[in-house]
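Welcome! Please take a moment to look over the sequence and the 3D structure, and then follow the briefing below topic by topic.

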Amino acid sequence: MPIVGAAPADLTAQATSCRAEPRRWRWHGSVAVLALALAVWIVHGLWADPAHRVIADNVGDQAFFEWVLGYGTYALGHGTDPFFTGLLNAPLGVNLAANTSITVYAALFWPVTVLAGPQVSFVLILTLNLACAAFAWYLFLARYVVRHLGAAALAGMFAGFAPGFISHANGHLNWTAGWVAPVLLWWVLKLREPGRWLRNGLVLGLLVTVGFSIAAEGLFFTALACAVFLGTWSLSRSTIAEARAALPTVAAALAVTAAVVGTLLAYPMYMHFAGPQSFSGTGHDQRLFTESIVSYLGYSARSLAGGAGLHTNVAPNPTEETSFFGPPLLILIAVAMPMLWRWATPGHRATLRAVAVTGVVFALLSFGPRLRIFKDQSEIPMPYAALMHAPLFDSALPARFALVVVGVFAVMLALTADRLLSTPPRSRAARIGWTTGFAVALVPLIPIPLLSAQRTPEPTFIADGTWKAYVPANGVLTTLPVPATSAADGQRWQAYTMARGGKQFRIPGGYFLGPGGPDGRGRIGAIPRRTALLFDKAAKLGQVPLVGVSDRQQARTDFAAWGVDVAILPDAINGINGPMHRDAVLATATALLGPPERVADVDLWRIIAGTDPIDHPTGTGD
């Protein structure tokens with residue numbers, strides 16, 4: 001493959017290189033500005049009012065990441081464990097190493113979190129993730145794949161803003177960090193440099209550590225893709241001698257990388273796999289989160305084609321539309337491959353073969369254990385059926401393997417554009433055909449802004465610190481309904497409180513991954529108690545249950561198990577699908593706990609350990 005920036009062989013080449021350098025920097029600057037502008041445009045609905053707007057299609061994940069950012073500020077200020085917390089899911093706590101805790105981001109952006117709140121940190125990181133992903137792919141492709149910067153820019157923008165990554169922009173700060181893959185790939189390719197095995201191994205070790213903190217699942221996919229690509233390339237007849245010569249240097253560098261990673265990640269890895277509240281597998285159904293054949297042929301909701309009515313609704317939710325390339329792009333790649341093969345040297349053919357094999361392998365993995373045509377699974381087994389219970393694979397969601405195909409397609413687009421720019425087709429018809437092909441394939445995939453919605457305002461009871469007079473040190477406060485996947489307001493308000501510093505309260509439940517799923521696997525959120533289910537049903541359906549003595553006794557037991565001191569009901573409550581039934585929650589709480597107190601802008605119940613609140617007309621026990 002051509003390497004942009006290789007040392008010139010003579011003075012003439014040096015002079016040409018010097019003259020070209022300002023032009024290269026103009027290209028770099030232009031691509032960076034374009035990527036940032038597009039990223040801002042995609043999330044501008046949040047930037048308009050970060051404190052009061054939320055991603056409409058994934059309220060829960062945004063609440064979790066805002067909580068992680070708030071906890072990062074708390075952990076830095078109090079010197080607490082960044083990989084385990086007792087503030088969430090009282091009294092058991094949450095293993096943050098087994099969740100996507102984005103520890104590096106939480107530390108880097110803590111000044112923003114303290115000054116402006118986790119809401120602003122979230123939007124800022126999301127914006128920079130998208131922009132940096134496109135720019136990193138552009139630099140990688142320009143350095144290792146193509147000579148023409150225009151080809152690298154085109155493919156880099158595709159990779160950074162591909163439908164799968166725009167889909168994950170609905171709340172996922174881990175998967176939108178698409179810059180991790182090209183940066184890691186860049187340094188993996190540097191491992192073969194003679195005499196620099198120590199430096200390169202150290203740098204790669206640090207990058208792997210950062211990648212683990214930000215997107216452990218994405219790091220696993222990147223490592224697997226490197227193994228498939230390099231294994232295929234090394235076994236080609238034209239490159240096997242070259243690979244054998246580089247092996248000692250690469251092995252030495254990887255040994256250094258392993259030592260660095262083993263040292264820096266020893267504790268978080270222990271916590272992840274064996275620490276308190278750890279678990280195996282995933283809280284999601286691997287058979288549900290898979291791609292179908294139609295997924296590859298369809299268009300995502302947040303693309304120009306999807307916005308024009310061509311959206312193909314076969315994904316499990318709007319955040320998991322991970323392929324959705326559309327027929328024209330698949331046809332373009334299929335036509336480009338034989339053209340590139342025909343003009344390639346034997347060494348370049350080895351690279352093309354390795355890229356193609358990597359794409360096919362990850363496309364097959366994305367189909368999951370059984371092939372899906374539309375939404376329903378067939379009985380046709382796929383390769384993932386043999387891997388779904390293997391370590392690491394058992395914690396992955398198959399559909400997300402399609403995100404590696406994005407990188408493969410980016411390389412193919414870059415090579416094709418570079419070839420056409422280097423040696424334009426002789427006939428006018430061929431030039432028009434290729435230009436039209438690129439436009440028809442890529443224009444429908446241009447992203448459109450994320451949907452945003454109004455979020456529940458933070459009660460002044462929380463915002464101005466009134467709660468401190470009602471909750472003792474290390475006490476537990478719960479919102480109603482009890483914080484959960486479907487009702488994350490209480491978790492968000494705890495995040496804001498942590499960012500402000502000072503006294504904190506704990507909450508039961510919450511949105512996180514923890515133990516307690518079927519067959520010893522993980523689950524989303526805490527194992528629900530009966531009282532939590534009553535409040536959840538009232539909030540979602542507006543149905544007030546018939547409350548008897550046993551229900552009140554169970555409520556006393558459940559509140560005691562959580563260690564709750566105070567329960568509050570704000571004037572407005574929202575769930576993942578919008579406003580919830582506050583009146584039904586109030587009626588349920590009154591039937592279980594007695595009439596509330598009115599404090600500031602919330603209804604409040606003081607929970608007295610060992611007593612039945614219904615015996616106390618004010619709910620205070622006084």
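Pro 481 sits in the loop between strand S7 (476-479) and helix H20 (489-500). The bond that joins Leu 480 to Pro 481 is a cis peptide bond, with omega at about 0°. Keep in mind as you read that this is a predicted model.

**Unusual spots in the backbone**

- Most peptide bonds are trans, and most residues other than glycine have a negative phi.
- A cis peptide bond also links Ala 90 and Pro 91, where omega is about 0°.
- To find Pro 91, look in the loop between strand S2 (84-85) and strand S3 (94-95).
- Gln 277 is not a glycine, yet it has a positive phi of about 60°.
- You will find Gln 277 in the loop between helix H12 (266-274) and helix H13 (293-297).
- Gln 277 has a relative accessible area of 23%, so it counts as partly exposed; the buried class covers values under 20%.
- Ala 600 also has a positive phi, about 55°, although it is not a glycine either.
- The home of Ala 600 is the loop between strand S13 (597-599) and strand S14 (602-606).

**A look at helix H7**

- Helix H7 covers residues 149-160, which makes twelve residues.
- From its first C-alpha to its last, H7 reaches 16 Å, close to the 16 Å expected at 1.5 Å a residue.
- Is H7 mostly covered or mostly uncovered? It is mostly covered, with ten of its twelve residues buried.
- Among the buried residues of H7 are several alanines, including Ala 151, Ala 152 and Ala 153.
- Leu 149, Met 157 and Phe 158 are also among the buried residues of H7, and so are Gly 156 and Gly 160.

**Two partly exposed helix residues**

- Ala 255 belongs to helix H11, which runs over residues 240-264.
- With a relative accessibility of 49%, Ala 255 counts as partly exposed, because the exposed class needs over 50%.
- Ala 255 and Ala 410 are 155 residues apart in sequence, and their C-alpha atoms are 30 Å apart in space.
- Val 335 belongs to helix H15, which runs over residues 327-343.
- Val 335 counts as partly exposed too, at 45% relative accessibility.
- How far apart are the C-alpha atoms of Val 335 and Thr 416? They are separated by 9.9 Å, while the two residues are 81 residues apart along the chain.

**The chain as a whole**

- The chain contains 23 helices and 14 strands.
- Along its principal axes, the C-alpha trace spans about 90 × 50 × 50 Å.
- Does the radius of gyration agree or disagree with that of a compact globule? For 622 residues such a globule would have a radius near 25 Å, and the chain has 27 Å, which agrees.
- Of the 622 residues, 53% count as buried.
- Among contacts in the chain with a separation of 6 or more, 76% are between residues 24 or more positions apart.

**Surface and charge**

- About 25700 Å² of the chain is exposed, and carbon and sulfur atoms supply 66% of that area.
- The chain has 43 positive and 34 negative charges, and the mean positions of these two groups are 15 Å apart.

Notes: Residues numbered from 1 in each chain as written. Predicted model: local features only at pLDDT ≥ 70, side-chain atom pairs only at ≥ 80, totals over all residues. Heavy atoms only, no water. Helix = DSSP H or I, 4+ residues; strand = E, 2+ residues; numbered from the N terminus. Expected span 1.5 Å × (residues − 1). Buried < 20%, exposed > 50% of the residue type's maximum accessible area, 1.4 Å probe, protein only. Rg over C-alpha atoms; globule rule 2.2 N^0.38 Å. Contact = heavy atoms within 4.5 Å. Areas by Shrake-Rupley, 256 points an atom, 1.4 Å probe, with all protein chains shown as cover. Lys, Arg positive; Asp, Glu negative; His and termini not counted. Charge placed at Lys NZ, Arg CZ, Asp CG, Glu CD.
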